Amino acid sequence: MTTTGEGPRVLLGVGGGIAAYKVCELLRRLTESGHRVRVIPTRDALRFVGEPTWAALSGEPVTTEVWSDVAQVPHVRLGQGADLVFVAPATADLLAKAAHGIADDLLTNTLLTARCPVVFAPAMHTEMWEHPATQANVATLRSRGSVVIEPAVGRLTGSDSGKGRLPDPDALFEAARRVLTRGGRHDERDLTGRHVVVSAGGTREPLDPVRFIGNRSSGLQGYALARTALARGAQVTLVAANVALPDPAGADVVPTGSAREMRDAVLKAAADADAVVMAAAVADFRPADYEDVKIKKTAGVEPAPIRLVENPDILAEVVQESRMPGARRQVVVGFAAETHDVLEHGRQKLARKGCDLLVVNEVGERLTFGAPDNAAVILSADGAAVEVPRGTKEALADVVWDLVATRLP
Ligand code: CTP
């Protein structure tokens, strides 16, 4: 429920973890962009960041207990009136309480009364995150429609590092915004419980330790697909090749370099996936020979031609695997970047690759690569064509997921 004339109402639940300090920045980003934020810390959260900080940054009162302001019944009213509940850092304890419906403070009571989207951004040590108890709680929360963001990998509280970091405030802000801005459909998390694999970026095929054959793909469309899928509740594996973009909060990002590396990563992740979207620009060929040392020029000697050999066709392999007898039914989506005769080439490519959907767009030096917007025609194996007018790459991504969602078993 959005109060007329005012920004969306966000309840920012803060758990008792050291990463609470990063949430101050998230709070700032939310309030500065017009969201009305009420912070509900747990008692232990206040050991890390005090009540005055939350109150000053949000401009709203801050309480941890249900016993303050009782006449207003805050534990019911706050949850009912929110457009989004965002919990960061979500500790192992908080996830457990939320999964089991334990309500022993204002935040956990609010989680039971909220009917809006709920996002948890967990942060804890790797062992705690990987513990079967935590994983079962995360699975329970996801099955009920909550978005649980995958923790980032990196330096943890001490000198150790691993999976368990709270993603950076920018990524958290982006995740919150995505869930909130799915128009009137923001409560529709239709990919909940689904695992989707998205490839993004452009492969590089090495010639020697310093040179490669590459392409101009920025990864923006693939990253938009990952973010939108996350906002719709999916578990996302993002296989990225040579992308200089921040990791979308919650995605399991697998960095790769060449087409062959990408193939291995995609096929591995696709084994238990419900949908695979190949948005990456994969090099069709690679140099036949790789020189271990830098190739030198010799005065007066003509350079040797570069011999090329064909790379595996990842999309075709994913389609082949998914059509094997007994294989899990998957929706497979390809992208086609064409410079001319776009539709004709698109239809031929759809037939050749055998995928369910093919997103065809026209590319050129000034079109699509690195640009924030895109236009496309999405062809489907049953002969249908959906035209997506020029708009943001996220808008196109949402149409792709709409079409995927209707084809999921
Ligand atoms: N693709 C792939 N593996 C390759 C080449 C392409 O998985 N070795 C995927 C891309 O990720 C994309 C789709 O196939 O989803 C189409 O890519 P594109 O390069 O347009 O198709 P090609 O088959 O290479 O056709 P062509 O280069 O002849 O246009």
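## Where two domains meet

In this predicted model, the C-alpha centres of domain 1 and domain 2 are 34 Å apart. If you would like to find them in the viewer, domain 1 covers residues 9-181 and domain 2 covers residues 195-407.

Let's look at how the two domains touch. On the domain 1 side, 13 residues make contact, and they meet 13 residues of domain 2. Together the domains bury about 870 Å² between them, and carbon and sulfur atoms account for 58% of that area. On the side of domain 1, the residues that lose the most area to domain 2 are Val147, Glu150 and Arg178; these three make up 52% of what that side buries.

Now for the charged and polar pairings. Four salt bridges are found across the interface of domain 1 and domain 2. A good one to display is the salt bridge between arginine 227 and glutamate 174, where the closest N and O atoms are 3.5 Å apart. Between the two domains there are also three residue pairs in polar contact, counting those with both residues at pLDDT 80 or more.

Which helix gives the largest share of the side of domain 1 that touches domain 2? That is helix H9, spanning residues 169-180, which supplies seven residues. As for the chemical character of this side of domain 1, its residues split into seven nonpolar and six charged, with no polar ones. With that in mind, you can return to the salt bridge shown earlier: glutamate 174 is the partner of arginine 227, and residue 174 falls within the 169-180 range of helix H9.

Methods. Residues are numbered from 1 along each chain as its sequence is written. This is a predicted model: local features need pLDDT of at least 70, side-chain atom pairs count only at pLDDT 80 or more; totals for chains, interfaces and linings use all residues. Side-chain values use heavy atoms; hydrogens and water are left out. Domain bounds come from an automatic or database domain assignment. Contact means heavy atoms within 4.5 Å. Buried area is the accessible area (1.4 Å probe) that two parts lose on being put together, summed over both. A salt bridge is a side-chain nitrogen of Lys or Arg within 4 Å of a carboxyl oxygen of Asp or Glu. A polar contact is a pair of N or O atoms within 3.5 Å; within protein, one must be able to donate a hydrogen and the other to accept it, and residues adjacent in sequence count only if both atoms are side-chain atoms. Helices (H or I, at least four residues) and strands (E, at least two) are DSSP runs, numbered from the N terminus. Ala, Val, Leu, Ile, Met, Phe, Trp, Tyr, Cys and Pro count as nonpolar, Asp, Glu, Lys and Arg as charged, and the others, Gly among them, as polar.
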